[in-house]
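Take a look at the model below. This report follows one helix and the sheet beside it.

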Amino acid sequence: MTTTPVYRFNSVILRAPSRSIVNGLRALDTGNPTYEGVKAEHEAYIAALTDAGCEVTLLPALEEFPDSVFVEDPALVFSEGAVILRPGAETRMRETQHIAPVLREKFATVLELAEGGYADGGDILTTPDQVMIGLSARTDRKGAEALQDCLTQLGLKSSIVATPEGVLHFKTDCSLVGDDLVLSTGRLAASGVFAGLRTLIVPEGEEAAANALRVNDVVLVGKTFPRTIDLLTAEGLNVVAIDTTQIGKVDAGLSCMSLRWFDPKK
Ligand code: CIR
């Protein structure tokens, strides 16, 4: 794989939240988020990615798709090329039709998942050695194997792993925060999936903080998780706290709102 750190990015794609985000999918209903609140959180997220050194492509809102602000799920991007995925939630499947033309403009190589299975970008964790594909309610084995074929074509190694029962996505419970360092929930780390990597376990009660986002020199972390922020700071990491209170009501963390890659031509 590449020698560029996997968290080195200079390009991101985002999509503005639609007003319909208030009806976004969620596992547990704690009330609807407000559109204004989500919009403000999204704007702060864009500013943090810009400050971290990324050029932002902001796509227009899609009212027809409440969850379309979560651009991480319908596609996967690398310096080597892009893959159009097939989201496992019925209401999200056709989001791919709207992201595909954008990817074809930006990438010389754009692959598509073979027919049959499902895979969400939220289930994919890229580490320095490989791309981990978590099986979940959104990513099935057929989709994961079809994705492995695409990754092989891009010259990337991959493996299929399990997501803890009842957890939305593999990356709901983890994020790569350093070259060999994963921030993880205890329940995911206990499965032994991160052999060969160091793990930092999020404190009990702050499980939702595990979906952090390392971008270049900073780690974006939900601002309501002070003990996780302390843990990362004690590791010498440069934390940027981001409000995810509203977007969190529709099961979002910090990776799901962007597609990130390093474009060597920039
Ligand atoms: C969904 O259930 O699809 C959205 N409400 C949340 C998606 C979060 N995506 C991600 O973490 N990659």
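In this predicted model, helix H1 has these buried residues: Tyr35, Gly37, Val38, Glu41, His42, Tyr45, Ile46, Ala48 and Leu49. What do they pack against? Their partners are strands: S1 (11-15), S2 (55-59), S12 (213-215), S13 (218-222), S14 (239-242) and S15 (259-261).

Now check the length of H1. The helix covers residues 35-51, which is 17 residues. At 1.5 Å a residue, H1 should span 24 Å. Its end C-alpha atoms are 24 Å apart, so the expected span and the model agree. After H1 comes Gly53. The phi of Gly53 is positive, near 110°.

Next, the sheet. Three strands form an open sheet in the order S2-S1-S15, and their pairing is mixed. Why do S2 and S15 each have one side without a neighbour in the sheet? Both stand at the edges with a single partner strand each, so one side of each is left free of a neighbour there. From one strand to the next, the twist averages 15°.

Look at one pair in detail. S1 and S2 run in the parallel sense and are joined by five bridges. In this pair, Ser11 stands opposite Glu55 of S2.

Two helices lie across this sheet, as the table shows.

| Helix | Strands it lies across | Angle to S1 |
|---|---|---|
| H1 | S1, S2 and S15 | about 170° |
| H2 (residues 96-106) | S1, S2 and S15 | about 160° |

H1 thus appears twice here: its buried residues pack against strands that include S1, S2 and S15, and H1 lies across S1, S2 and S15.

Conventions: Residues numbered from 1 in each chain as written. Predicted model: local features only at pLDDT ≥ 70, side-chain atom pairs only at ≥ 80, totals over all residues. Heavy atoms only, no water. Helix = DSSP H or I, 4+ residues; strand = E, 2+ residues; numbered from the N terminus. Expected span 1.5 Å × (residues − 1). Buried < 20%, exposed > 50% of the residue type's maximum accessible area, 1.4 Å probe, protein only. Contact = heavy atoms within 4.5 Å. Pairing = 2+ DSSP bridges. Axes fitted to C-alpha atoms, helices over the stretch in contact; angles between N-to-C directions.
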